[in-house]
Amino acid sequence: MRTTYCSLVDQYLPKYLEDDVSSVRKEQIKEHLSSCPDCRGDYKRLKFVLSHLSQVEKDEIKAPPDLSVCFCCFCLRLPALLNV
């Protein structure tokens, strides 16, 4: 069941995966992920996507610098769009 805190985690998850959050926020998210299966699923999906995006040669594709963050945000909202 999604909570209000899940929305906050959704907002910070892309930056969390890129290790671009404060140590306090990192610990809060880590604790939440350990107790929330929905957010843990989001985390695993985003981690999978980012790991595959990082394997693409940088010379192969010229994309906007914020593409991975935008894509991650889309992936987080995809289950709601599909009514899953």
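In which kind of crossing, left-handed or right-handed, does α2 pass α3? Keep this question in mind while you look through the close-ups of this predicted model.

**View 1. Four helices make up the set of elements in this protein.** Let's start with the overall plan. The protein has 4 helices and 0 strands. Reading from the N terminus, you meet the elements in the order α-α-α-α. Of the 84 residues in the protein, 25% are buried.

**View 2. Helix α2 packs against helix α3.** Here we come back to the opening question. Helix α2 covers residues 23–35, and helix α3 covers residues 37–54. The two pack at an angle of about 110 degrees, and their axes lie 6 Å apart. Because of that angle, α2 is roughly perpendicular to α3. And the crossing in which α2 passes α3 is left-handed.

**View 3. Ile29 is a buried residue of helix α2.** Now let's zoom in on one residue. Where is Ile29 found? Ile29 belongs to helix α2. Its relative accessible area is 1%, and buried means under 20%, so Ile29 counts as buried. Look for Val9 as well: Ile29 and Val9 are 20 residues apart in sequence, while in space their C-alpha atoms are 6.4 Å apart.

**View 4. Arg25 and Tyr12 bring a charge and a ring together.** Find the ring of Tyr12 in this view. The charged end of Arg25 sits over that ring, 4.3 Å from its centre. Rings can also pair with one another. A pair of aromatic rings is described by the distance of the centres and the angle of the planes. In this protein, the count comes to 1 aromatic pair.

**View 5. Cys6, Cys36 and Cys39 can be examined for disulfides.** A disulfide is a covalent bond between the sulfur atoms of two cysteines. How many disulfides does the count come to? The count is 0. Why is Cys36 not bonded to Cys6? The closest cysteine sulfur to that of Cys36 is in Cys6, 3.7 Å away, and a disulfide needs sulfur atoms within 2.5 Å, so the two are too far for a bond. Cys39 tells a similar story: the closest cysteine sulfur to its own is also in Cys6, at 3.5 Å, which is too far for a bond. Are these two cysteines buried or exposed? Cys36 counts as buried, because its relative accessibility is 6%. Cys39 counts as buried too, with a relative accessibility of 1%.

Methods: Residues numbered from 1 in each chain as written. Predicted model: local features only at pLDDT ≥ 70, side-chain atom pairs only at ≥ 80, totals over all residues. Heavy atoms only, no water. Phe/Tyr/Trp six-rings, centres within 6.5 Å; stacked < 30°, edge-to-face > 60°. Lys NZ or Arg CZ within 6 Å of the ring centre and 35° of its normal. Buried < 20%, exposed > 50% of the residue type's maximum accessible area, 1.4 Å probe, protein only. Axes fitted to C-alpha atoms, helices over the stretch in contact; angles between N-to-C directions. Parallel < 35°, antiparallel > 145°, perpendicular 65-115°, else oblique. Left-handed = near helix turned anticlockwise from the far one by under 90°.
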